[in-house]
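Visitor: Could you take me through a single part of this model in detail, namely the salt bridges and the residues that they join?

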Amino acid sequence: MTIPNSRTFDSLDARIILALDEDPEASALALSRTLGVARNTVHARLAKLERGGALRSFSRRLDPAAFGYGLMAFLSLAISQTRAGAVENGLEAIPEVIEVHATTGDADLMAKVVARDTADLYRITNQILEIDGIQRTSTAISVLELMPPRFDGLLNRLSQQESRLPG
């Protein structure tokens, strides 16, 4: 996956994404009218953002509590470095593990996990501990999401910059 950077994600891209935040069902034609650019330009930009990995899957917008997973926890994982591939595959096989990051500091990996309740979290944690290469875990339960993932501030800043399109 290509990570977008400031050379490939410009002010028009930011304006398109902000317009989609306002109206997620907007067509390319509606977006072109809202933004004052050609429909083909909007369509091409959306395709470029998808290919480049800037637009992720629709399911990433879901709230897990809406389908019964109201408990969220963060697990710090210490792993055997020689078994990193097996650990990654093992974590991918557990649907309740919704995000994993390689980190610096005391933990090798940080996993974001959803569960139905604390008993379910206990089951999931034990399932993670059974993965070959996991040495130990430490769990922190989220009691309240104070600020969900957000990008609108960054997009607003970028949308106000002069376009970086060539020529």
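Guide: What follows is a close look at the salt bridges, pair by pair. Residues are numbered from 1 along each chain as its sequence is written. The model is predicted, with local features needing pLDDT of at least 70, side-chain atom pairs counting only at pLDDT 80 or more, and totals for chains, interfaces and linings using all residues, while side-chain values use heavy atoms and leave out hydrogens and water.

The structure holds seven salt bridges, each being a side-chain nitrogen of Lys or Arg within 4 Å of a carboxyl oxygen of Asp or Glu. Asp10 and Arg45 form one of them, with 2.8 Å from N to O; Asp10 sits in the segment before H1 and Arg45 in helix H3, 35 residues apart (helices are DSSP runs of H or I, at least four residues, and strands runs of E, at least two, numbered from the N terminus). Asp10 is buried at 4% relative accessible area, and Arg45 is buried too, at 9% (buried means under 20%, exposed over 50%, partly exposed in between, with a 1.4 Å probe and protein chains only).

Lys48 pairs with Asp13, their closest N and O atoms lying 2.9 Å apart, and because Lys48 belongs to helix H3 and Asp13 to helix H1, this bridge ties together parts 35 residues apart in sequence. Here Lys48 is partly exposed at 27%, whereas Asp13 is buried at 0%. Asp10, Asp13, Arg45 and Lys48 are linked in a network of salt bridges.

Asp132 and Arg83 form a further salt bridge, with closest N and O atoms 2.6 Å apart; Asp132 is partly exposed at 47%, as is Arg83 at 33%.
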